[in-house]
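Biologist: I am new to this structure and would be grateful for a close look at one part of it, the nonpolar interior. Please set that part in the context of the whole protein and explain how its residues are placed.

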Amino acid sequence: MNIKRKIFTLTFFTAIIPILIISLITFSIFSEKLKKVENQKIDLLNQAIEKTLNKEIDTSSEMLKYLSYTYTNKDNHLKGGKIDTTDENRQIHMLHHMENLAKLEKTLKFIAFGTADKKMIFDNSAGNQNLSADYDPTTRPWYIGALNSKGVYLSDVFTHIGTGNPIVTLSKKVVSNGKVVGVLAAMVDLSHLSEEISKYKIGTSGTFFIVDENNKILIDGGNNKKNFSYISKMDLFAKDHFEVVKTTLLGQRFYHIKKIKRLNLFLIGSAYEKDLNSTILKLRTYTVEVVVLTIIFILAILSILNISFNNSLNRLTYIIESISRGNYSKNIDKLTKIIDDKNEFNFMKNAIEKMSYEIIKREHDLIYISETDQLTNCYSRRAIINFIEKEIEQSKFFDLNFSLIMFDFDKFKKVNDSFGHLFGDLVLKDVSKVMLENIKTTDSLGRYGGEEFLILLPNTKLSEGIKVAERLRKITEKLSWEYDTVITISMGVAENLKNDDLDSILERVDNLLYKAKNNGRNKVEY
């Protein structure tokens, strides 16, 4: 191998090996993180759907408990010398509450009361039940189940004969003066949950559906009849939680299967594997494209270098041949000039510097990703802290003022506990978006940690900073949310002092934030 090939080979591999290593490491790290995030997302979606089911059942259970209290006069409504607390008045009083409660939940088909003397009482929403004259509620499974239960009896899910919808019955015995006077029953129509479940997606288009022990789809969050056919013959109840991948005509189909023990049902999430891993596939494609483009770029540089190197060799050969023929003076000067310039080495150096620049640029891109909060798309804690430190230095050097706002969401743990972390994440994301839209481009919003955020207002006095904080607080309070939830924030505002450092101004604005919380929340303290 001649020296030219050695130089070219060394240059090529010196440039390409670091790029390959960086690309492979980057892809490996981010693909693993993306897989982990996707699995966590599916688990959260499972929990959210199961929580929705449990909420409907728990709500109906509480209704029955409350109606039982009204019958036994535990709500103290019937107490008083002028009111007769006979069983008939107790039933009338309880029926009044049944009528009101039946209107509250759209999943509640109706509430009924089967008396110990074999009578049935329905709320108005039940309509005509067409019961036979000899219908005896005391022989029904829901009645017997309630008698044998200490609390609220929950039946298995069954299909309503008239509507074909999945139904579950809850029942509770009513005891007065130590005697069972009847059983309250609530019929819950689970089909209404199809619309709610359809909101949850796996990947970009995957959906959830619920099946019973007979492998029948009860609640469908999408058109999953065909998707279910690939696993419909499996023994789904063999385990409580597992995953399956099936080969279909359109590719590998992923199934995430989890048992809902309370109802003896299975929640199944289904999506094509390529759809589920679309982000990872895109990342792999981008990585390959970057490597290929880099190789093409290096080969182009080496081709140019080869032409330049050959031209220099040809010139050098010509000059040496001229010198060998006796033409010394001018040709020796030209030879010295060629050797001193070292054109080829400088060219290779420049080519490597250009390739190094591309590597540094990609590293900067990775740094940018690491300094951006992935959920809210605002600055990360490290980034906003760096901005504050720089602003402190500039303010001292140029004698400028700046204001710093720290805000925190009020009772955010309660929001997460009540509506799930997915809803909490949506609140953080949407409020951050609104904040970014309502501050100047020179201002900086960063997530300090959890639900705490910092807003840096350069060249802004305290009075103006207070106005900005009040405006943002009001905007946040007026935002509309699902579940009719009101989201508020508490804020602290501080202006830099002459001898401030990072710790002192953060401590000051943090104390102001907690002052706002202690003074009733949804306030701005400064």
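**The nonpolar interior and its surroundings**

Modeller: Buried residues make up 42% of the 526 residues in the protein. The model is a predicted one, and its secondary structure comes to 14 helices and 16 strands. Among contacts with a separation of 6 or more, 60% join residues that are 24 or more positions apart. The protein exposes about 29,700 Å², of which carbon and sulfur atoms supply 54%.

The interior is best approached through the largest nonpolar core, which has 40 residues. Within this core, Phe113, Leu184, Phe208, Ile210 and Ile219 touch the most other members. Helix H1, which covers residues 3–71, gives the most to the core, with 10 residues. Ile210 illustrates how such a residue is surrounded. Once its neighbours within four places in sequence are set aside, Ile210 is in contact with Leu53, Ile197 and Lys216, with Ile217, Leu218 and Ile219, and with Ile260, Leu265, Phe266 and Leu267. Ile219 thus appears both as a contact of Ile210 and among the residues that touch the most other core members.

Aromatic rings deserve separate attention. A search of the whole structure finds 15 aromatic pairs. One of them joins Phe209 and Phe228, whose ring centres are 5.6 Å apart; their planes stand at 70 degrees, so the pair is edge-to-face, a class that requires an angle over 60 degrees. Phe209 belongs to strand S7 (residues 207–211) and Phe228 to helix H5 (residues 225–229), so this pair ties together parts that are 19 residues apart in sequence. Phe209 counts as buried because its relative accessibility is 0%. Phe228, at 4% relative accessibility, counts as buried as well.

Apart from the largest core lies another, of 26 residues, and its members include Cys378, Phe409, Val415 and Val493. Phe409 also takes part in a cluster in which ring pairs link Phe407, Phe409, Phe412 and Phe453. Phe453 leads in turn to Ser432, a residue of helix H12 (residues 421–437). Leaving aside neighbours within four places in sequence, Ser432 is in contact with Thr376, Leu445 and Phe453. Ser432 counts as buried, because its relative accessibility of 2% falls under the 20% cut-off.

Nonpolar residues are also found on the surface. Phe13, Ile17, Ile21, Ile25 and Ile29 form a nonpolar patch there, with about 450 Å² of accessible area together. Ile29 lies in helix H1, the helix that gives the most residues to the largest core. With a relative accessible area of 40%, Ile29 is partly exposed.

Two loop residues complete the description through their backbone angles. Most residues other than glycine have a negative phi. Lys118, however, has a positive phi, near 70 degrees, and is found in the loop between strand S1 (108–115) and strand S2 (120–122). Tyr483 likewise has a positive phi, near 65 degrees. The loop that holds Tyr483 runs between helix H13 (462–477) and strand S15 (489–495). Tyr483 is partly exposed, with a relative accessible area of 34%.

Methods:
Residues are numbered from 1 along each chain as its sequence is written. This is a predicted model: local features need pLDDT of at least 70, side-chain atom pairs count only at pLDDT 80 or more; totals for chains, interfaces and linings use all residues. Side-chain values use heavy atoms; hydrogens and water are left out. A nonpolar core is a set of buried Ala, Val, Leu, Ile, Met, Phe, Trp, Tyr and Cys residues joined through side-chain atoms within 4.5 Å. Buried means under 20% relative accessible area, exposed over 50%, partly exposed in between (1.4 Å probe, protein chains only). Helices (H or I, at least four residues) and strands (E, at least two) are DSSP runs, numbered from the N terminus. Contact means heavy atoms within 4.5 Å. Accessible areas come from the Shrake-Rupley method with a 1.4 Å probe; for residues, only the protein chains shown count as cover. Patches are made of residues with over 30% relative accessible area and no salt bridge: like charges are joined within 9 Å, nonpolar side chains (Val, Leu, Ile, Met, Phe, Trp, Tyr) within 5 Å. A salt bridge is a side-chain nitrogen of Lys or Arg within 4 Å of a carboxyl oxygen of Asp or Glu. Rings of Phe, Tyr and Trp (its six-membered ring) pair if their centres lie within 6.5 Å; planes under 30 degrees apart count as stacked, over 60 as edge-to-face and the rest as tilted.
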